[in-house]
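Welcome! Have a look at the sequence and the structure below, and then let us walk through some of the architecture together.

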Amino acid sequence: MCGIVGYIGDRNVIPVLIGGLQKLEYRGYDSAGIAYLDNGKMTVYKEKGKLAGLEKMVAGKCAEHTIGIGHTRWATHGEPNQKNAHPHVNEAGDLAIVHNGIIENYLQLREWLTRKGISFISDTDTEIIAHLIAYYLKDDLKEAVSQAISKLKGSYALGAVCERFPDEIVAVRKDSPLVVGVGKNENLIASDIPALLEYTRDVYFLNNGEIAVIKKDEVSLYDEVLNPIERDVFTVEWDVSQAEKAGYPHFMLKEIEEQPQALADTLNPRVKDGEINFDEIGIDDAMLAGIKKITIIACGTAYHASYVGKYIIERLARVPVEVEIASEFRYKNPIMDKDNFVIVVSQSGETADTIAALREAKSRGAFVLAVANVVGSTIAREADKVLYTRAGLEIAVASTKAYTTQLMALYMFALKLAYAKGGITEDEYHAYVAELQKVPENAQKVIENKELLQKFAYEHFTEHSVFYIGRGLDYAMAMEGSLKLKEISYIHSEAYAGGELKHGTIALVEKGTLVVAVLTQGDLIEKCLSNVKEVTSRGAVVMVVTQEKYRDLVKDVADKIVTVPDAIDFEATITSIIPMQIFAYYMSVQKGCDVDKPRNLAKSVTVE
């Protein structure tokens, strides 16, 4: 969470910083600020709330010296207000820093600095870093930063500027992402690539403990003991247009409609002669054949994708799969060794809990495959192998195309594994792959019928509570559909396995209660239909999401039927989530919510 930008070059730094922060709004924040040098003097502007307030404060201002840093803060230590907003400065006010992450030993450091006579203004853990750097600062800013971070315990991405060193920004990272953008006569830092794309597509990804000194025409990298590092520049393939709405009212709608292409981009390059080809990953059939147990680790939406992956892998490959919530995994003293095959799933590749789980698994000798969207992310670099989804840039906090491409990646893995282990025949394998290739087209057909869901949302956006039900794979989809609704519309929503309704939940169903029933799996439809009848008999209004071939089976129990194109049942799960994404989107729009930036949430969760 939080966003960092920094710039040094020939441009007026203020619009560069504001523009960069706008590109990082999806990360979630409750205050914002910038610091820059103006006629050699540190100038700081901070404001609670959205960037619009900060923009008004700096409107019309122009800095002669074009160096500065900016930040959007998501509150952890101290309430969201102006004094706790970043950047934070030292007592003299000539050194400013921005920080993402959490300093775990900040109370001890604050007490120590207080005994040194230093006074604090904010309630944050971040302010101690500014005072620490100032305490150690002599003739070299990077050395002072290095000494300061040696005292820190926790996670951080830092950017520092100082009046005494007006031609450089010093940046460092540990467990919180930071990217250096390399331009022509200008260089930048940012928490994520979108903030850089307007100026450059050449970047350095900082590894843990590395320090960067950024000057107008030079970037120098150092390890944690200040030994110089040589590294090749990475060129980002994303185009700047991907960070723009392109005429859509919201990024979420744009990204929903980009799913057919994203699914095709994830699948098609990996299909050769009717088979899944993982040569780019470096996992061969012999390795797959030796897998005896799989653990999939993820958070939030990625966890729901993992739950689907479990069903498919176990059904086709007959390999036992455990799905773990990343934030719980390493605290349970997991039973794991070198014989374990672990899959970690993360859109950003920077999810703090998932990174910690990955490291825990590797420390116990497990082999780790990452399913990630962001090239060069921490998870992608630290995993043994990585299967990239090719969703492209996803800006909206509520994940859509990243989720469906995660499903596609897990389906490809499941089919490849099942064939390698003899769980499916060659003919079945080719048939499944051929059906998988139809998914992008089927996804497009679903999107073309979004007006039906828009109308249904208009009729129901005043609901206070919505329940989602399903069985088997449909229950996994119900969990994700429910999450989409609650996170962007703020309507209370829960997902239940259909058979669990009568074990308590049905007490909440009354006349007019909206229930979304996911019924795409033919072997379970009759069972779930009885659960639907249980809620309709108590006055519930039911929207059924099903395949076209099952329409006649559900028509007598549904108030609204939303169909997806016919497919092999387990592959219909990818397209069946899209109507629920669209429904959640229009519910949020009708309520007037901030669709792309829902309250209290962030795209990249980089704190535990």
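## A parallel pair and its helix

Let us begin with two residues that face each other: Ile 469 stands opposite Tyr 496 in strand 24. Keep in mind as you read that this is a predicted model. The strands around this spot are strand 23 (residues 465-470) and strand 24 (residues 492-497), which run parallel and are joined by six bridges. As a general point, strands of a sheet pair through backbone hydrogen bonds, either parallel or antiparallel.

How does the chain get from strand 23 to strand 24? Strand 23, helix 17 (residues 473-489) and strand 24 make a β-α-β unit, and this unit is right-handed.

## A close look at Tyr 468

Tyr 468 has its place in strand 23. Is Tyr 468 buried or exposed? Buried means under 20% relative accessible area, and Tyr 468 has a relative accessibility of 0%, so it counts as buried.

Which residues does Tyr 468 touch, leaving aside its neighbours within four places in sequence? Its contacts include Ala 478, Gly 481, Ser 482 and Leu 485. Ser 493, Glu 494, Ala 495 and Tyr 496 are also among them, as are Val 516, Met 580 and Phe 583. The fold also brings in a residue from further along the chain: Val 518 is 50 residues away from Tyr 468 in sequence, and their C-alpha atoms are separated by 7.5 Å.

## Two helices side by side

Two packed helices are described by the angle between their axes and the distance between the axes. For helix 17 and helix 20 (residues 572-591), the angle is about 20° and the axes are 9 Å apart. Angles under 35 degrees count as roughly parallel, and helix 17 and helix 20 are therefore roughly parallel to each other. Their crossing is right-handed.

Which residues meet where these helices pack? On the side of helix 17, they include Leu 473, Met 477, Gly 481, Leu 485 and Ile 488. On the side of helix 20, Thr 573, Ile 577, Met 580, Ala 584 and Tyr 585 are among them.

## A five-stranded parallel sheet

Elsewhere, five strands form an open sheet with parallel pairing, in the order 19-18-20-21-22. Its edge strands are strand 19 (321-325) and strand 22 (385-388), each of which pairs on one side only. On average, neighbouring strands of this sheet are turned by 20° against each other, direction ignored. Within the sheet, strand 20 (residues 341-346) and strand 21 (residues 367-372) run parallel and are joined by six bridges. One of the matched pairs here is Val 342 with its bridge partner Val 368 in strand 21.

Helix 11 (residues 352-363) packs on this sheet, where it touches strand 18 (294-298), strand 20 and strand 21. The direction of helix 11 makes about 165° with that of strand 20. Helix 13 (residues 401-420) lies across strand 18, strand 20, strand 21 and strand 22, and runs at about 160° to strand 20. Ala 352 belongs to helix 11. The relative accessible area of Ala 352 is 13%, so this residue is buried. Ala 352 and Glu 328 are 24 residues apart in sequence, and their C-alpha atoms are 12 Å apart in space.

## An eight-stranded antiparallel sheet

Another open sheet has eight strands, paired in the antiparallel sense in the order 3-2-4-1-10-9-11-15. Strand 3 (41-48) and strand 15 (234-235) are its edge strands, each pairing on one side only. Strand 2 (residues 31-38) and strand 4 (residues 67-73) run antiparallel, with six bridges joining them. Ala 32 stands opposite Thr 72 in strand 4. Helix 2 (residues 51-58) packs on the sheet and touches strand 2 and strand 3, with its direction at about 140° to that of strand 3.

## Strand 8 and its two partners

Our last stop is strand 8 (residues 165-174), a mostly covered strand in which seven of the 10 residues are buried. Strand 7 (residues 156-162) pairs with strand 8 in the antiparallel sense over six bridges, and a hairpin joins the two through two residues. Gly 159 has Ala 171 in strand 8 as its bridge partner.

Which strand do four bridges join to strand 8? That is strand 12 (residues 211-215), which runs antiparallel to strand 8. Here, Val 172 stands opposite Ile 211 in strand 12.

Key:
Residues numbered from 1 in each chain as written. Predicted model: local features only at pLDDT ≥ 70, side-chain atom pairs only at ≥ 80, totals over all residues. Heavy atoms only, no water. Buried < 20%, exposed > 50% of the residue type's maximum accessible area, 1.4 Å probe, protein only. Pairing = 2+ DSSP bridges. Right-handed = clockwise from strand over helix to strand, strands pointing away. Contact = heavy atoms within 4.5 Å. Axes fitted to C-alpha atoms, helices over the stretch in contact; angles between N-to-C directions. Parallel < 35°, antiparallel > 145°, perpendicular 65-115°, else oblique. Left-handed = near helix turned anticlockwise from the far one by under 90°.
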